Amino acid sequence: MTLSTSLCKHVYDGNGNTTEWPFTFKILAASDILVYRTDPFGGLTQLTSNYIVDVNGQKVVFPASGVPADKLPDGWKITLLRKIPMTQEVDLTNQGDLGAEVIEASFDRQMMCIQQLQEQIDRCIKYPVDQVLSDGELSDLLSQCREALSSAQAAVATSAANTAVAEASAVAAAASAAAAVAAVNSVIANALGAVRMTEAERDAKTDWTDGDIVSNKTIHKLQQWDAEAGTWQTFAMA
């Protein structure tokens, strides 16, 4: 075979629906693909289960469980990375067969290994080609990179913590507001002499007079009977 692309990795965004993730690069076996999942805060996890590598279909099925809750949601990513063992398995002997396919397969494997290394190099931090750093300068550069990474990780952690606190506060505030509204409207309902009943109980009663008030337990609202319109007017939460 030939290798028409230098790619050996695909990164996809989740959408809560997709379960099949194609790959366009060549692989020699299903075990040649590593699958990673990234959460919205950059946390990277290598998956060891719940996915299937379809070699002939050139795709990874995730989740393999078929459980909707396992699907990759918005904000998450999935990465397919080819990583073949760095070995040479062709054994050529003197006066033995020299098949062209065997030689080509060996060249292809070597190129795959080179592409893997290039993918790793592309993710490395580099300085300009015209610079030659001393050991001390290189050490300073690495220290600066570590500090930048540490600051970024701390910022992500702080952001996640702040988001969690804000969400918890919002939930608590909403619950308090709902309780306050319910308490106030309960007082109003009592003051108005409203009868508490469900919609079914309300509709079963046919002798309502204009201005009668009901505290509707089905929709948690106060309603007043409008005899002229022949309908219930909703005017407050209960």
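## Largest pocket

Four residues from β7 make that strand the biggest contributor to the lining of the largest pocket. The model is predicted. The space in this pocket comes to about 330 Å³. Its lining counts 16 residues, and those closest to the centre are K9, Y36, L44, T79 and R123.

Several elements share the work. At least two lining residues come from each of β1 (9-13), β3 (33-38), β7 (77-82) and α1 (100-122). By character, the lining of the largest pocket splits into six nonpolar, six charged and four polar residues.

## Second largest pocket

The second largest pocket has a volume of about 170 Å³. Its lining consists of S6, L7, C8, K9, Q115, Q118, E119, D122 and R123. Here α1 gives the most, with four residues. The lining of this second pocket holds four charged, three polar and two nonpolar residues.

K9 and R123 appear in both settings: they are among the residues closest to the centre of the largest pocket, and they also line the second largest pocket.

## Cysteines

A disulfide covalently joins the sulfur atoms of two cysteines. This structure holds zero disulfides. Why is C8 unpaired with C113? The closest cysteine sulfur to that of C8 is in C113, 11 Å away, which is too far for a bond. The cut-off for a disulfide is 2.5 Å between sulfur atoms.

C8, one of the residues lining the second largest pocket, is buried, with a relative accessible area of 3%. C124 is partly exposed, at 46% relative accessible area.

Notes:
Residues numbered from 1 in each chain as written. Predicted model: local features only at pLDDT ≥ 70, side-chain atom pairs only at ≥ 80, totals over all residues. Heavy atoms only, no water. 1 Å grid on protein atoms, 1.4 Å probe; cavity = no way out; pocket = protein on both sides within 12 Å on 5 of 7 lines; lining within 4 Å. Points joined across faces, edges and corners; volume = space filled by probe spheres on them. Nonpolar A, V, L, I, M, F, W, Y, C, P; charged D, E, K, R; others polar. Buried < 20%, exposed > 50% of the residue type's maximum accessible area, 1.4 Å probe, protein only.
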